[in-house]
Amino acid sequence: MTKLWKATGDDLELEELTEPARILREGGLIAFPTETVYGLGADARQTDAVNKIFMAKGRPSDNPLIVHIANRSQMAGLAAPPDETVSRLLDLFWPGPLTVVLPIKPGVLSPLVTAGLSTVGLRMPDHPVALQLLRAAGCPVAAPSANSSGRPSPTTAAHVYDDLAGRIDGIVDGGATGVGLESTVVEYTAPIGDGGGVLHILRPGGVSAEQLIMALPGIEVREASVHPDSSLAPRAPGMKYAHYAPRGAMTLVQGSAPEQVLARLQRELDQAHARGERTGVLTYREHADALRADTVVACGSLGDLESVAHGLYAALRQFDEAGADFIVAEACPESGIGAAIMNRLRKAAANRIIHV
Ligand code: TXA
Ligand code: MG
């Protein structure tokens, strides 16, 4: 049985989360809201509990989990002390959508959390319900996104319920999440010899590369996914998996002239329609009226990429609800959070991209 708790009021009391916190401490699985997406939490110290996360999601066991904490004093027990550069990031972006990968302190966390790596990803979420739950539980909480593996990440409690009802102990409903995309995962490598320090973005997310560059003058910020020499780019193991995919096959259309992009989207849709397929298009408020398909989803506005990030995963799920077989998506600009949006769209499209 999956229990539901509502925690949407402004005046959240710690007692309201007593039961889900107790279930976490006792080795159960609780889904909870964060500012990015819903997480599926378990006590990160208990191997049986962490194992249940992998089972419930159908997640490959070589993909490590992010450990969530309520305050910085918890870090000392889990990882090597952050140096000056990482400390600066924590000062600026915690609590918030930034995960830092640090050398692990052995013997505390279940080895399943890190999938055998000698590092651990740590994050302090910026959400009152998440922070209250973490404080009430009093333990480090391993939490991947609370979706079935391969499905779009959940941004509402209903998405979690659709994917995991009956397979987890409970869901704390804190309403729709804010950012809508996962945290940015970074790893800093200190200067060696004559070289400078490098901050590697292992997964783009809620904190943009531009924000990180501004925060760390004089330090190279390297985006793993675009670096030409992949031997120089440590990766988040999770980035290799097909992710975020709607059930229908999706193709991304990208180009610098919007008229050409819209014309190509429509041509693909018309051809699929002629083949008898049920069609869907993911576009933006500005272009929704210009396109014809069985399902037209206007995902936020091109003038406000935050609104696109916020609605992206719900938009991808809409195509499944509509039973779309053939989906085309319009690319968005890659500045700011646009880089993370396009990263997710490429994955959702399994790299089927048409350049016009
Ligand atoms: O916003 C988020 O980060 C959400 C919420 C729930 O906090 N969590 C989330 O977790 O997205 P998950 O498991 O879906 O993604 C974790 C990502 C994966 O790509 C994983 O490979 C990477 O972080 N990761 C975790 N630990 C790592 C480590 N020690 N080294 C490199 N990558 C790591
Ligand atoms: Mg995930």
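Here are three short exercises on a predicted model, each with a worked solution.

Before you start: residues are numbered from 1 along each chain as its sequence is written. Local features need pLDDT of at least 70, side-chain atom pairs count only at pLDDT 80 or more, and totals for interfaces use all residues.

**Exercise 1.** Find the two domains and say how far apart their C-alpha centres lie.

*Solution.* Start with the bounds, which come from an automatic or database domain assignment: domain 1 covers 3–173 and domain 2 covers 249–355. Next, take the C-alpha centres of the two domains: they lie 31 Å apart.

**Exercise 2.** Work out how domain 1 and domain 2 touch, and how much area is buried between them.

*Solution.* First, look for contacts (heavy atoms within 4.5 Å): 10 residues of domain 1 meet 5 residues of domain 2. Then take the buried area (accessible area, with a 1.4 Å probe, that two parts lose on being put together, summed over both). That's about 650 Å², with 51% from carbon and sulfur atoms. Finally, see who gives the most on the domain 1 side: R151, P152 and H159, together 63% of what that side buries.

**Exercise 3.** How many salt bridges cross the interface of domain 1 and domain 2?

*Solution.* Apply the rule: a side-chain nitrogen of Lys or Arg within 4 Å of a carboxyl oxygen of Asp or Glu. Searching across the interface gives 2 salt bridges. Now check a pair yourself: D163 and R317 form a salt bridge, with their closest N and O atoms 3.0 Å apart.

How values were computed: Chains are lettered from A and ligands numbered from 1 in the order in which they are written. Side-chain values use heavy atoms; hydrogens and water are left out.
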